[in-house]
Structures are given as C-alpha cells and as structure tokens.
Amino acid sequence: MPARNAPSLPPKEALILELLVQESELYGLQLVAASRRKLKRGTVYVTLGRMEEKGFISSRLEDAPADQGGLPRRIYAPTAFGRRVLNAYAHVTRTLMPELAR
Amino acid sequence: MTRPGTRLRSIARRFCNRETMERLIDPAIADLQCEHADARRAGARWRAGGVLIAGYLAVLKVVAIGAGRASIRDRSTADGDAIGRTVRFAAIATTSFTALFVSVPLRQALATLHLGTDSLIRLTVYLVPQALAVAVPMGMVFGVLSGGAPTRRSRRTSVLLMFGASLTTLLLVGWLMPEGNQAYRETMFALINGVEPHGRLALGTNELTLGGLRQLTRDQFVLPLIASRRSFDFHSRLALAFAPLALGQFALGISSGRRRAAGVLTVGMLGLAGCFAYYLLMYYANAAMYRAPFAVSEHVPPIIAAWLPNLAFWVSALLLHLRTRRRSAADPSRHDGGPRSEDRPAVPQA
C-alpha cells in the first residue's frame, strides 16, 4: 500500500472548511463573502480546486436558473475526510497553541 | 447580448486544459455571471458595472494562475515538454550568443587599453543591448528547432513566444541599443583620451533611436540616394525587431514536418544555417541597393529591401507549412497535430 503523507491544512483551507462545515454547502463567491475579506475571489477557486484534489471537499454542478441562463455554478461541500482533518487541526491548535484557538 | 465572461472563457480555453477549465475558470465565470445578473435584476446598474470589473479582474487572476499551474504542467506532458524545451534552449542560445557578441569588442578593448574592473563592467553593460538584439532572434531559432512543435497548441504557444521575443527585440533595437552604443563610445573616448568628452559625441546612425531615425527620413535631402539610405536604415532597424518572428516561423515550419524533436547536432547545423542565411540576405539587400554593380536604390523602394530577409523567411515558412499540411492530408498517420482532443477541451460553451 503506498505511503500517504499526513494531510496539511493551511490557514485558508482551514477557514474554507470551517465555513463549509457551518453552512454545509456554499458557492465560491459565497465563501468569499462569508470570510469577511480573508478570502479573495481571484484565488478562492484555486484553493478550492486544491482542496478537492486533497479530498477535503467535494463539489457538484448546479444549473443556473432557467430565466437567467449562463454556466452551471459549482457548489462545494465538506467531505467526511475534510471534517476529520478540520477536527484534528482544531484539536492540535487547541493543544499546542491555546492562545490562538477560537 | 453576450453574457459576461464568455469571451474571456473562450480565450482561457486556448491556454488551459479541461480540468482547469472545469475546476477553476468555469466556477469563477459562473459566479460572475450570476452576481452580475442579480445586480441587473435589482436595477443597480452601477453596482452591476462594479461587479463586472471586480469579477473580470478575479477571473483574469484565476486564468493566469490556472494557465501557469495545471495547464502548463499537463501541456508539458502532452507536448513532450516541447514548450519547456523551446524556452530552455532559446534561453541557453541567447545567453551564449550574447556572451560571444559582448566578448569580441571587449577583447579588442582589453588588447589596446588597460581597463579597470569598473570600466570593464560598464563597457560590458553597454554592449549587452546590441548583443541581445542579435542574440534574441538567433536564440528563437535554436529554441524552436530544439523544442519541435508536436501539437497545434505547442505551435500556438511558440508563436506567442516569438511575438514576445519580437517585442523585446523592438525595445532593444529601438531604444536600449542606441543608448548603449552611445554610452560605449563616450566611455571609450574617455578611456582613450584620458578626458571626458565635452558634451555628447555626435550621434551616428547606430546611436539614433527609432524615433530619431524616423525623424531623419522626414528631413529633406538634396540627393535622393541619401534619402533612400536613411529610409533603408530606419526600416532595417524595424525589420530586425521582427526577425524573431520571421526566423521563428521558419524554424517552426521545419519542426512541424518532423515527428520527433531534432538532435543537438541537427539543431546546431540548421540553426546556424538559418541565421547565416538571414545575415546574408540582410547584407546583400544592402549591397544590392547601394553598391556597384547593382546599386538599384533608384528602382527599388528601401522598405522592400529592408524587409527582404523577413519576407523571404516568411515565404519559406509558409511553403514549409503547406508542405506539411499536404503530407498530413496524404497520410493521416503522419498527422502532426498531436492529441487534438486535448487541444480543444470538450466543455460546452455557455
């Protein structure tokens, strides 16, 4: 069985996971709005793509409203693995750096 | 009315692979379209405009990141790292030729003058623009020949690289080289005579910027020969700026007909032959215009003579391209377009 590296969770990915766990499903733009300027709309999709590769989140396409048309929107949700990683990250943060724990 | 981001999306499709489009670009554009539609529906025209600007900037950033990250990585694999090889070899060849072209006058200066480190560095810096102006087109030939062009996408990227090299050469021959040449002359004057020149030395043709040369062509000359000569100088300088495009297209024409990238020896031979042919055309165009026995400057417009090398190489490139297309049509197994399905990702257009 190939050895897998322990998953890393940079602060932005942790923030995205937190928001997704709270709301269960969000669009990229909603994540930007909910993050209170901590996430930028120019980079959030790149971060989301990377998180999907890591298996932290999953996404599905949602058709645009019929009267509006346009491209289908991609909506993101946390995976069980992502939730576990976030819990572990929160636990480690609380244990090692209690002053930073939220 | 076209939905916002549609054109940007079609441009992004040229640079990004399907996965990048689906995961990065399309979500960004879909959110932009949705936000813009909401703002318009609410009747907030100014807000809709703001959304559009912010959205476009964000999408542009996503395209830049996506194209630079996943797409190039995947493209490297799909094209056998053709573009990577082109860039690497072009950089190596350009650096080598620049070093060579700088070293020749420097060695002459060192043979006659005692140069301190400071003077040596200054002279080297002044010589670099003129060396680069010749080395960049040459580097482009070696780069394209080394990289090959296995797919349509790699050919398009090569042409973009050529445009970049041409713009760089334009900057060099138009402004940096004349300034460097003049600074070199004045420094040499001070080194040889032991005193700084009083004011600027009179500018020769090679020390005039493109604007200066252009101005000369507008001046009235009694002799038509001088007017023709000035015009030839101006157009020759301009034509040299587009040498990377002409030489590169020619190299691309050779590469397109090959299934595999050429070996180092073949690249070296072909590259040197191409550059030498270009130089010969430049030399003989000048000689035919103004020297006996031809001296045809009265009958041939200077612009034609100045652009002759580029025109000759573009025509050759076109013939090579047509030959490759004919062969591909005759033998589909020779199809050199590479994996077409990867060239055009099958993402439905909005």
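This report walks through a predicted model of two protein chains, A and B, and the contact between them.

## Chain A

Let's start with chain A, which has 102 residues. Its secondary structure amounts to four helices and three strands. Going from the N terminus, you'll meet these elements in the order α-β-α-α-β-β-α.

As for packing, 43% of the residues in chain A count as buried. If you take the contacts in chain A between residues at least 6 apart in sequence, 55% of them join residues at least 24 apart. The accessible surface is about 6100 Å², and carbon and sulfur atoms account for 55% of that.

## Chain B

Over to chain B, with its 350 residues. Here you get 12 helices and zero strands, so the pattern along the sequence reads α-α-α-α-α-α-α-α-α-α-α-α.

Buried residues come to 45% of chain B. Of the contacts in chain B between residues at least 6 apart in sequence, 78% link residues at least 24 apart. Chain B exposes an accessible surface of about 18500 Å², with 64% of it on carbon and sulfur atoms.

## Where the chains meet

Now for the interface. Chain A puts 21 residues into the contact, and chain B puts in 27 residues. Between them the two chains bury about 2000 Å², and 55% of this buried area sits on carbon and sulfur atoms.

There's some charge pairing here too: the rule picks out three salt bridges across the interface of chain A and chain B. One of the salt bridges across the chains joins the side chains of Glu52(A) and Arg23(B), at 2.5 Å from N to O. On the polar side, eight residue pairs are in polar contact across the interface, counting pairs with both residues at pLDDT 80 or more.

## Chain A's side of the contact

Which elements of chain A each supply at least two residues of the side that touches chain B? They are helix 2 (28-34), helix 3 (44-54) and strand 3 (73-78). Helix 3 of chain A gives the largest share of that side, with five residues.

What about residue types? The side of chain A that touches chain B splits into seven nonpolar, eight polar and six charged residues.

Notes. Residues are numbered from 1 along each chain as its sequence is written. Chains are lettered from A and ligands numbered from 1 in the order in which they are written. This is a predicted model: local features need pLDDT of at least 70, side-chain atom pairs count only at pLDDT 80 or more; totals for chains, interfaces and linings use all residues. Side-chain values use heavy atoms; hydrogens and water are left out. Contact means heavy atoms within 4.5 Å. Buried area is the accessible area (1.4 Å probe) that two parts lose on being put together, summed over both. A salt bridge is a side-chain nitrogen of Lys or Arg within 4 Å of a carboxyl oxygen of Asp or Glu. A polar contact is a pair of N or O atoms within 3.5 Å; within protein, one must be able to donate a hydrogen and the other to accept it, and residues adjacent in sequence count only if both atoms are side-chain atoms. Ala, Val, Leu, Ile, Met, Phe, Trp, Tyr, Cys and Pro count as nonpolar, Asp, Glu, Lys and Arg as charged, and the others, Gly among them, as polar. Buried means under 20% relative accessible area, exposed over 50%, partly exposed in between (1.4 Å probe, protein chains only). Accessible areas come from the Shrake-Rupley method with a 1.4 Å probe; for residues, only the protein chains shown count as cover.
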